[in-house]
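Here is a quick walk through one protein chain, written for someone meeting it today. Have a look at the picture, then read on.

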Amino acid sequence: MDIRQVKAYGAASASAPLEEITINRRAVQPHDVEFEILYCGICHSDLHQVKDDFGGTMWPIVPGHELLGRVTMVGNHVKDFKPGDLVGVGCIVDSCGHCEYCDEGIEQFCEEGVTFSFNSVDQVLGGHTYGGFSKTYVCDEKYVLRMPAFEDLAAAAPLLCAGITVYSPLKHWGAGPGKKVGILGIGGLGHLAIKIAKAMGAEVTVFTTSPAKVDDAKRLGADHAVLSSDEEQIATYNRQLHFIIDTVSAKHDVNMYLNLLRHDGTVVLVGLPPQPLEIGAFNVVMGRRSFAGSNIGGIAETQEMLDFCFQHGITADSEIIPIQDVNDAFELLEKGDVKYRFVIDMSSL
Ligand code: NAP
Ligand code: ZN
């Protein structure tokens, strides 16, 4: 298969910094879309995988799975995209296309295994997939999203992972008028969860470890914001919330939050702490409560989320950086010191 050499930023090992490298991308195949990457968001999952938090990272790793760009070339069977179109790619770039899950539009659970935009086995080219910290991307048109005409394109890029990861469970668990929704952690995912849950009509309460974010949460639209060290105030929410989206990236105690659920309520984990979490039996047995999880969202739902966010004027609060600052940005992200998503301006590469 023909290949093209592309400039990218990658790391050679968990202890190496990200630096400029050259990667191979496949030449455009009949069903492929190729695009120039304009902006790429930085998700905590990029950081987890660069640090090899879950094991199994394939080196060199080129992270990035919130890619927004402009189409440069399409294969001769592609009907829905043309050069110049504004497009996005999130986490999913391939799946079997015929299992029960793919048929249902939840390709993220594909029985034969989904291919992610980075750090996945590349079914077409061999080797592994390289993400959006690079100049261009190529994938099958089925996994390409159409970007609405957001005024601030950089701020729209984080919707492609952070946005769908919270939109999907908010919708699944029924965020809307009359529903009291909790959000744990105000990072990239958490701040978009506040905006999206509010746009869906829910009453939103956020819990944060950062004193500086308590007031800011109100600016983001939260109805109530509570410092998670203030156990007295937290207890006033006991048995109040219908469900909670937990976006915390590190090990934490979920038991206090299970107690904030009404009967039949659910804590939905989307954060990926590398260590197991412990759950006290009585915190779920009493009140028939659930502890659940959710993983990104399918392609059709991602398109629905983009259109929803465009309609409601929702984008991420973003700090734009050149690619040369990416190692510093990872350090700040590790400390939770970002308001609220770093986005790389790829023209810097
Ligand atoms: P992020 O921007 O770093 O936000 C995480 C937030 O969690 C922090 O801002 C902080 O919020 C809180 N936090 C961090 N360490 C904590 C600790 N030790 N105890 C309590 N709270 C803590 O990360 P993100 O990009 O939003 O991603 C969040 C998590 O979701 C990551 O683990 C990521 O890998 C995962 N993720 C999962 C999916 C999925 O499909 N399930 C998709 C994308 C990302 P406060 O300062 O407000 O406390
Ligand atoms: Zn992500």
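## A network of charges

Let's start with a group of four: Lys195, Asp216, Arg219 and Asp317 are joined in a network of salt bridges. Keep in mind that what you're looking at is a predicted model.

Zoom in on one pair from that network. Arg219 and Asp317 meet through their side chains in a salt bridge, with 2.9 Å from N to O. Arg219 sits in helix α6 (residues 211-220), while Asp317 is in the loop between α10 (299-311) and β16 (318-322), so this pair ties together parts that are 98 residues apart in sequence. The two partners also have rather unlike surroundings: Arg219 counts as exposed, at 51% relative accessibility, whereas Asp317 counts as buried, at 17%.

## More salt bridges

How many salt bridges are there by the rule used here? The count comes to 13. The general idea is simple enough: side chains of opposite charge can pair when their charged atoms come close.

Take Glu34 and Arg4, whose side chains meet in a salt bridge at 3.3 Å, N to O. This pair links distant parts of the chain, with Glu34 in strand β3 (residues 32-41) and Arg4 in strand β1 (residues 3-10), 30 residues apart. Is Glu34 buried or exposed? Glu34 is buried, because its relative accessible area is 7% and the cut-off for buried is under 20%. Arg4, with 31%, is partly exposed.

Then there's Lys82, which forms a salt bridge with Asp85; their closest N and O atoms are 3.0 Å apart. Asp85 is another buried partner, with a relative accessible area of 11%.

## Cysteines without a bond

Now for the cysteines. How many disulfides does the rule give? The count comes to zero, and a look at two of the cysteines helps to show why.

For Cys99, the closest cysteine sulfur belongs to Cys96, and it is 3.8 Å from the sulfur of Cys99. That's too far for a bond, because a disulfide needs the two sulfur atoms within 2.5 Å. Cys309 has a wider gap to cross: its closest cysteine sulfur, in Cys161, is 13 Å from its own, again too far for a bond. As for their surroundings, Cys99 counts as buried at 6% relative accessibility, and Cys309 counts as buried too, at 0%.

## A negative patch

Time to move to the surface. Glu100, Asp103, Glu104, Glu111 and Glu112 gather there in a patch of negative charge.

Pick out Asp103, one of the patch members. Asp103 has its place in helix α2 (residues 100-103), and it counts as exposed, with 61% relative accessibility.

## A nonpolar patch

The surface has a nonpolar patch as well, formed by Phe282, Val285 and Met286. Together, these three residues have about 360 Å² of accessible area.

Where is Phe282 found? Look in helix α9 (residues 281-285). Phe282 is exposed, because its relative accessible area is 63% and the cut-off for exposed is over 50%. Try finding Asn259 from there: Phe282 and Asn259 are 23 residues apart in sequence and 9.4 Å apart in space, going from C-alpha to C-alpha.

Technical notes
Residues are numbered from 1 along each chain as its sequence is written. Chains are lettered from A and ligands numbered from 1 in the order in which they are written. This is a predicted model: local features need pLDDT of at least 70, side-chain atom pairs count only at pLDDT 80 or more; totals for chains, interfaces and linings use all residues. Side-chain values use heavy atoms; hydrogens and water are left out. Patches are made of residues with over 30% relative accessible area and no salt bridge: like charges are joined within 9 Å, nonpolar side chains (Val, Leu, Ile, Met, Phe, Trp, Tyr) within 5 Å. Accessible areas come from the Shrake-Rupley method with a 1.4 Å probe; for residues, only the protein chains shown count as cover. Lys and Arg count as positive and Asp and Glu as negative; His and the chain ends are not counted. The place of a charge is taken as NZ of Lys, CZ of Arg, CG of Asp or CD of Glu. Helices (H or I, at least four residues) and strands (E, at least two) are DSSP runs, numbered from the N terminus. Buried means under 20% relative accessible area, exposed over 50%, partly exposed in between (1.4 Å probe, protein chains only).
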